[in-house]
Amino acid sequence: MTPPTLRFLGGKGGVGKTTLAAAVGLLESRRGLRTLVVSTDPAHSLGDVLSCDLGDEPRQLPGGLWAAELSGEIQARRRVEQVAHDAADAVPREVMPAVRQHLQRAADSPGTVESALLDRLTELIEQVPRHWDRLVVDSAPTGHMLRLLQLPDLLRPWIEGLARQRERARGADRMVAGMLGRSDDEPDPLLQRLHQRRDRMQRLAHRLRSDAAVHLVLLPERLAWAETVRAADALAAAGLRLGAPVVNRVVPPDESGLLAQRREQQDAVLAQVRHRFAADAVVEVPLLGGELVGATELGELVALLDRAGW
Ligand SMILES: Nc1ncnc2c1ncn2[C@@H]1O[C@H](COP(=O)(O)OP(=O)(O)OP(=O)(O)O)[C@@H](O)[C@H]1O
Ligand SMILES: [Mg+2]
């Protein structure tokens, strides 16, 4: 199977998604692949883990890896400007202040921010493979990630509904214009934009199914496993490809006392993970000492992923 060009690191809060996304990014970039790692978690910590300031625009770190923390808010504001610009041609000037106010409120709503974040991610996905060989996504915890990945499919019927409404309104305008003896065959920028957006979401949904893999990260604990199974089922039902799962912070086998007991419990979960996924595909990451911050400190993890055949 060809390696996916788009990788999403997902899982519960605090399991190591950001740390692993950074390490995977560093590994791919050290292999000479043009790699961009982006965070879509509104509570960004990718910059902290990579030890640099990141923003919405990708920036290159010493060593070659590119990184960014995407902002749904910034993108939502850009989109409001765009829609206001389109609306200015379509509605009377005196209602524009009200339209702007309405758009501003809409821009701040959670749904808009979420779909704007998806738009920004889509822009970057569309740059693969022209600008990037690999895109690694540090996702928000499971529920958010699932929603983001399902959003292209959820948005499509909604956009189509809007386009139909707009077409009906245009039809009525044309009829009135016809009765008045005028023709109204001007192209409609709003309708065009809706169609473009629908097609874009369709292409994105296709690429997420064909070029992407979602790697679920989990700690070897029973509750975490139960949630991982649910997430894996939901991703598979959505037609998304599951990449190698990562079991993180595994206690080494040669411990004694409390840690040995812990290891026994972990072994039971590890056996289930290997049973559900192909055993050789499961990546085990030991509990590491030291602070995993900065490219040098992440080196051990990068080497480990390399050896695991990532
Ligand atoms: N293998 C490991 N050994 C030791 N510590 C680890 C390991 N993996 C991650 N950590 C530490 O666990 C903490 C959580 O990791 P990280 O921030 O990557 O998780 P996350 O899943 O991105 O969390 P969030 O859901 O809050 O974004 C960090 O302090 C990180 O350094
Ligand atoms: Mg994180």
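Student: How many residues does helix α7 have, and what span from its first C-alpha to its last is expected at 1.5 Å a residue?

Tutor: In this predicted model, α7 runs over residues 189-210 and has 22 residues; the distance from its first C-alpha to its last is 31 Å, close to the expected 32 Å.

Student: Where does a side-chain oxygen of Asp188 reach at the start of α7?

Tutor: That oxygen of Asp188 comes to within 3.0 Å of the backbone nitrogen of Leu190, at the start of α7.

Student: Which residues of α7 are buried, and how should I read their spacing?

Tutor: The general idea is that an α-helix has 3.6 residues a turn, so residues three or four places apart point the same way. In α7 the buried residues are Leu191, Leu194, Arg197, Met201, Leu204, Ala205, Arg207 and Leu208, where buried stands for under 20% relative accessible area. Two arginines, Arg197 and Arg207, are in that list together with leucines such as Leu191 and Leu194.

Student: What covers the buried residues of α7?

Tutor: The cover includes the strands β1 (6-10) and β6 (212-218), together with the helices α3 (72-90), α5 (110-126) and α6 (142-179).

Student: How does α7 fit into the whole chain, and how many helices and strands are there?

Tutor: The protein chain comes to ten helices and nine strands, and its C-alpha trace spans about 90 × 40 × 35 Å along the principal axes. Of its 310 residues, 45% are buried, and among contacts between residues at least 6 apart in sequence, 75% join residues at least 24 apart.

Student: Turning to ligand 1, how many residues surround it, and which are the closest?

Tutor: A shell is read by asking which residues come near the ligand, and here 17 residues surround ligand 1, the closest being Lys17, Thr18, Thr19, Asn248 and Leu288. By class, that shell has seven nonpolar, six polar and four charged residues.

Student: Which atoms of the protein lie at short listed distances from oxygen or nitrogen atoms of ligand 1?

Tutor: A backbone N or O atom of Leu288 is 2.8 Å from a nitrogen atom of ligand 1, while a backbone N or O atom of Val15 lies 3.1 Å from an oxygen atom of the ligand. From the side chain of Arg249, an N or O atom is 3.3 Å from an oxygen atom of ligand 1. Taken alone, ligand 1 exposes 640 Å², and the protein buries 73% of that.

Student: Which elements give two or more residues to the shell around ligand 1?

Tutor: They are α1 (17-30), β8 (246-250) and β9 (283-286), and the largest share, three residues, comes from α1.

Technical notes: Residues are numbered from 1 along each chain as its sequence is written. Chains are lettered from A and ligands numbered from 1 in the order in which they are written. This is a predicted model: local features need pLDDT of at least 70, side-chain atom pairs count only at pLDDT 80 or more; totals for chains, interfaces and linings use all residues. Side-chain values use heavy atoms; hydrogens and water are left out. A residue is near a molecule or strand if one of its heavy atoms lies within 4 Å of it. A polar contact is a pair of N or O atoms within 3.5 Å; within protein, one must be able to donate a hydrogen and the other to accept it, and residues adjacent in sequence count only if both atoms are side-chain atoms. Accessible areas come from the Shrake-Rupley method with a 1.4 Å probe; for residues, only the protein chains shown count as cover. Helices (H or I, at least four residues) and strands (E, at least two) are DSSP runs, numbered from the N terminus. Ala, Val, Leu, Ile, Met, Phe, Trp, Tyr, Cys and Pro count as nonpolar, Asp, Glu, Lys and Arg as charged, and the others, Gly among them, as polar. The expected span of a helix is 1.5 Å times one less than its number of residues. Buried means under 20% relative accessible area, exposed over 50%, partly exposed in between (1.4 Å probe, protein chains only). Contact means heavy atoms within 4.5 Å.
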